[in-house]
Amino acid sequence: MPGRKWTVDEKMNIVLEGMVPGANISEVCRRHGVAQSLYYRWREAFLAGGRAGLQSGPSTREQELEKELQEARAKIGELTIQVDVLRKKSNWGRK
């Protein structure tokens, strides 16, 4: 018989309930029908995700945007060089 499927919100609420000061993990698990070993796996995953969110440094989205910015700057540089070459060839913009 397959086990119950828990939603992310249900897992999070159970983990947070168990993290309340003075909470009895055995009682929390019994009330929700969750094995203690499963509770502790959820808690570790929850805390690992929290640690990742608190790490300093750029997020994945920030890294993607920085890469796009570098590529755009490189393209602008290439186009600027091409414009300069064309100006020199055609004597464009003579004073």
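## Report on a predicted four-helix chain

The charged end of R4 sits over the ring of W6, at 4.0 Å from the ring centre; this term requires CZ of Arg or NZ of Lys to be within 6 Å of the ring centre and within 35 degrees of the ring normal. The model is predicted, so that local features need pLDDT of at least 70 and side-chain atom pairs count only at pLDDT 80 or more, while totals for chains, interfaces and linings use all residues. Residues are numbered from 1 along each chain as its sequence is written, and side-chain values use heavy atoms, with hydrogens and water left out.

### Overall architecture

The chain contains four helices and zero strands, where helices (H or I, at least four residues) and strands (E, at least two) are DSSP runs numbered from the N terminus. The order of elements from the N terminus is α-α-α-α. Helix α4, residues 60–90, comprises 31 residues and reaches 45 Å from its first C-alpha to its last, close to the 45 Å expected at 1.5 Å a residue; the expected span is 1.5 Å times one less than the number of residues. After α4 comes N91, whose phi is positive, near 55 degrees.

Of the 95 residues of the chain, 11% count as buried, a class defined by a relative accessible area under 20%, with exposed over 50% and partly exposed in between (1.4 Å probe, protein chains only). Among contacts between residues at least 6 apart in sequence, 41% join residues at least 24 apart; a contact means heavy atoms within 4.5 Å.

### The nonpolar core

In soluble globular proteins, nonpolar side chains tend to be buried together. Here the largest nonpolar core has nine residues, namely W6, I14, V15, I25, V28, C29, V34, Y39 and W42. Such a core is a set of buried Ala, Val, Leu, Ile, Met, Phe, Trp, Tyr and Cys residues joined through side-chain atoms within 4.5 Å. Helices α1, α2 and α3 (36–54) each supply at least two residues of this core, and α2 gives the largest share, three residues. Within the core, V34 touches W6, I14, C29, Y39 and W42, residues up to four places away in sequence not being counted.

### Aromatic pairs

There are two aromatic pairs in the structure. Rings of Phe, Tyr and Trp (its six-membered ring) pair if their centres lie within 6.5 Å; planes under 30 degrees apart count as stacked, over 60 as edge-to-face and the rest as tilted. W6 and W42 form an edge-to-face pair, with 5.7 Å between centres and 75 degrees between planes. This pair links distant parts of the chain, as W6 lies in the segment before α1 and W42 in helix α3, 36 residues apart. Both W6 and W42 are buried. The pair of Y39 and Y40 is also edge-to-face, at 5.3 Å centre to centre and 80 degrees between the planes. Y39 is buried at 0% relative accessibility, whereas Y40 is partly exposed at 32%.

### Salt bridges

Side chains of opposite charge can pair when their charged atoms come close. The structure holds five salt bridges, each being a side-chain nitrogen of Lys or Arg within 4 Å of a carboxyl oxygen of Asp or Glu. Three of the pairs are tabulated with their N to O distances.

| Basic residue | Acidic residue | N to O distance |
|---|---|---|
| R4 | E10 | 3.2 Å |
| R31 | E17 | 2.0 Å |
| R30 | E27 | 3.4 Å |

The salt bridge between R31 and E17 links distant parts of the chain: R31 belongs to helix α2 (residues 25–32) and E17 to helix α1 (residues 8–19), 14 residues apart. E27 and R30 are three residues apart in helix α2 and therefore separated by about one helical turn. E27 is partly exposed at 32% relative accessibility, while R30 is exposed at 59%. Salt bridges that share partners join E17, E27, R30 and R31 into one network. Partly exposed acidic residues also include E10, with a relative accessible area of 27%, and E17, with 26%.
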